[in-house]
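Work through the exercises below with the structure open. Each task is followed by a solution in steps.

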Amino acid sequence: MLGPGLLPTKAPSVTREQGITVIALGPEYQNLNDAELENLKDVLLSTAAEADLPLMVLDLSRLRYFGSSFIEALICVWNQLNARPGGRMSLCGLTANCREVVGITHLDQLWSVFDTREEAVRSLRKA
């Protein structure tokens with residue numbers, strides 16, 4: 001049982017689709033404290049390091065918003081993938097608010113942003 005304000009500790013959903021690593025984050029990742037965010041960052045980094053191909057899609061369709069600490073975690077994951085030959089990362093399923101944050105911060109120039117997971121996977125497969 002959880003007390004008031006506590007979030008469940010849960011690993012993100014990690015699947016492989018057509019050889020691409022897909023990580024889906026649910027709404028429980030919207031309000032993370034520092035320890036939970038650091039744990040998520042560690043999971044994302046280890047998943048990126050273990051991927052046979054350095055290609056990753058982050059499905060954020062269940063997130064309604066995120067902040068600068070979450071963006072920092074995404075940049076760390078991207079840096080790790082980008083250090084490997086052919087490494088790329090795409091985002092999909094962004095809400096209007098999240099898409100605006102990605103646009104304002106110009107992160108859409110680092111990562112391709114797609115409406116659907118299928119589009120993101122297809123794009124990375126073609127690369």
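## Exercise 1: A salt bridge at a loop

Asp115 is exposed, with a relative accessible area of 57%. The model is predicted.

**Task.** Which side chain meets Asp115 in a salt bridge, and which parts of the chain does the pair link?

**Solution.**
1. Find the partner. The side chains of Asp115 and Arg99 form a salt bridge, at 2.9 Å from N to O.
2. Place both residues. Asp115 sits in the loop between E5 and H4, and Arg99 in helix H3 (residues 96–104). They are 16 residues apart, and the pair links distant parts of the chain.
3. Check the partner's accessibility. Arg99 is partly exposed, at 34% relative accessible area.

## Exercise 2: The salt-bridge network

**Task.** Find the residues that are linked in a network of salt bridges, and state how buried or exposed each one is.

**Solution.**
1. Start from the total. The count is three salt bridges.
2. Take the pair Glu17 and Arg117. Their side chains meet in a salt bridge of 2.7 Å, N to O. Glu17 lies in strand E1 and Arg117 in helix H4, so this pair ties together parts 100 residues apart in sequence.
3. Take the pair Arg117 and Asp59. Their closest N and O atoms are 2.8 Å apart, in a salt bridge. Here Arg117 in helix H4 is linked to Asp59 in strand E3, 58 residues away.
4. Join the pairs. Glu17, Asp59 and Arg117 form a network of salt bridges.
5. Assign accessibility. Glu17 is partly exposed at 24%. Arg117 is partly exposed at 22%. Asp59 is buried at 8%.
6. Recall the principle. Side chains of opposite charge can pair when their charged atoms come close.

## Exercise 3: The surroundings of strand E3

**Task.** Why is strand E3 described as largely enclosed? Then identify the strands that pair with E3.

**Solution.**
1. Check burial. Five of the five residues of E3 (residues 55–59) are buried, so the strand is largely enclosed by the rest of the structure.
2. Split the side chains by direction. Leu55, Val57 and Asp59 point one way, and Met56 and Leu58 the other. All are buried.
3. Go to strand E2 (residues 20–24). E2 and E3 pair in the parallel sense over four bridges. Thr21 stands opposite Met56 in E3.
4. Trace that connection. From E2 the chain passes through helix H1 (residues 34–50) to E3, in a right-handed β-α-β crossover.
5. Go to strand E4 (residues 88–92). E3 and E4 run parallel and are joined by five bridges. Val57 has Ser90 as its bridge partner in E4.
6. Trace the second connection. E3, helix H2 (residues 68–82) and E4 make up a right-handed β-α-β unit.

## Exercise 4: The two sides of helix H4

**Task.** Which residues of H4 are buried, and what do they pack against?

**Solution.**
1. List the buried residues. In helix H4 (residues 117–126) they are Ala120, Val121 and Leu124.
2. Test for a common side. They cover an arc of only 95° around the axis, which puts them on the same side of H4.
3. Relate this to helix geometry. An α-helix has 3.6 residues a turn, so residues three or four places apart point the same way.
4. Look at the other side of H4. Glu118 and Lys126 are exposed there.
5. Find the packing partners. The buried residues of H4 pack against strand E1 (13–17), E2, E3, E4 and strand E5 (112–114).

## Exercise 5: A proline in a loop

**Task.** Where is Pro54 found, and which residues does Pro54 touch?

**Solution.**
1. Locate the residue. Pro54 is in the loop between H1 and E3.
2. Check accessibility. Pro54 is buried, with a relative accessible area of 8%.
3. List the contacts. Leaving out residues up to four places away in sequence, Pro54 touches Leu81, Arg84, Pro85, Gly86, Gly87 and Arg88.
4. Compare sequence and space. Pro54 and Pro85 are 31 residues apart along the chain, and their C-alpha atoms are separated by 7.7 Å.

## Exercise 6: Cysteines

**Task.** How many disulfides does the structure hold?

**Solution.**
1. Apply the cut-off. A disulfide needs two cysteine sulfur atoms within 2.5 Å.
2. Test Cys76. The closest cysteine sulfur, in Cys98, is 19 Å from its own, too far for a bond. Cys76 is partly exposed at 24%.
3. Test Cys98. Its closest cysteine sulfur is in Cys92, at 12 Å, again too far for a bond. Cys98 is buried at 1%.
4. State the result. The structure holds zero disulfides.

Key. Residues are numbered from 1 along each chain as its sequence is written. This is a predicted model: local features need pLDDT of at least 70, side-chain atom pairs count only at pLDDT 80 or more; totals for chains, interfaces and linings use all residues. Side-chain values use heavy atoms; hydrogens and water are left out. Buried means under 20% relative accessible area, exposed over 50%, partly exposed in between (1.4 Å probe, protein chains only). Helices (H or I, at least four residues) and strands (E, at least two) are DSSP runs, numbered from the N terminus. Two strands pair if DSSP finds at least two bridges between them. A crossover is right-handed if, with the strands pointing away from the viewer, the path from the first strand over the helix to the second runs clockwise. The arc is that of the directions from the helix axis to the C-beta atoms. Contact means heavy atoms within 4.5 Å. A salt bridge is a side-chain nitrogen of Lys or Arg within 4 Å of a carboxyl oxygen of Asp or Glu.
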